[in-house]
Amino acid sequence: MNSQPRSIPFFGKLVAEGFMVVVSILIAFSLEAWWDGRGEEKAYSEAMASIRFELQSNRARLVQEAASVDRITGAGKSLLEMMRERPDLPRIQVPDTLAFLITSWTPSMEVSLGASDALIASGKLAQVRDAELRLGLAGIRDRFSDVVEDQLVARMIHVEQQAPVLRGLMDMSPFAPLSAGFFTGGNPATRPIPHLGSVEFPNTLELRNIIGAKLDWYGSARSEMTALIEHLDRLSGLAQP
């Protein structure tokens, strides 16, 4: 006697079909999540590339600014040493280039932090995987602000104290041709200054104190620059893929 194939009950068919639907949905969700994950990974890599570029660009600016500050403080220290060697003389003969650098140039740096600011503003800073990098990016603007603030204090001393004193004690016209040749393109850290001779520079206690105070603030800015350059190198390394 031949046995007839047993038919699957209707309810069993529904369960089987339902199971296949659920499996299909789960597979679809898995594929979608995998694809989204690939998209998120690409977006993260692009964000880190922007951060690295910004860190490296600002580092280059910082190195150039540090060289400019070194040039000013070097000239200022030489000038101040000459003044202190002869405190009895109301005026001393100094190279016009030294006098120019300490009387005519007060740089302060500008930085671009668009990528870091955008990451913070978007609320995605928390997604940065390295905790040290995350913390560093959160505080990067403050680190640059500390440097700029010291430079601005030095500029304030220059504008509000040094310049008024000098205007009453010396003829500033010899610096005009030096300014015309210096503030025209190129890197100010290495740009040559036309040397036309010597100038008579006032040598008062007040002026020595003012120049000394200005150099102290530039020195503080320079120390912070050194630390910040190292900090940027560290963050740039952490932002590597």
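Helices (H or I, at least four residues) and strands (E, at least two) are taken here as DSSP runs, numbered from the N terminus. The structure is a predicted model, in which local features need pLDDT of at least 70 and side-chain atom pairs count only at pLDDT 80 or more, while totals for chains, interfaces and linings use all residues. Residues are numbered from 1 along each chain as its sequence is written, and side-chain values use heavy atoms, with hydrogens and water left out.

Helix α1 covers residues 10-85, and Arg 52 belongs to this helix. Arg 52 has a relative accessible area of 15% and therefore counts as buried (under 20% relative accessible area, 1.4 Å probe, protein chains only). Setting aside neighbours within four places in sequence, its contacts are Ser 236, Ala 239, Gln 240 and Pro 241, where contact means heavy atoms within 4.5 Å.

The same helix features in the interior. The largest nonpolar core holds 52 residues; such a core is a set of buried Ala, Val, Leu, Ile, Met, Phe, Trp, Tyr and Cys residues joined through side-chain atoms within 4.5 Å. Leu 62, Met 83, Phe 144, Phe 201 and Ile 211 have the most contacts inside this core. Elements that each supply at least two of its residues include α1, β1 (91-95), α5 (140-167) and α7 (205-238). Helix α1 gives the most, with twelve residues. In soluble globular proteins, nonpolar side chains tend to be buried together.

Met 83 deserves a closer look: not counting residues up to four places away in sequence, Met 83 touches Ile 92, Phe 201, Pro 202, Asn 203, Leu 207, Arg 208 and Ile 211.

Notes: Buried < 20%, exposed > 50% of the residue type's maximum accessible area, 1.4 Å probe, protein only.
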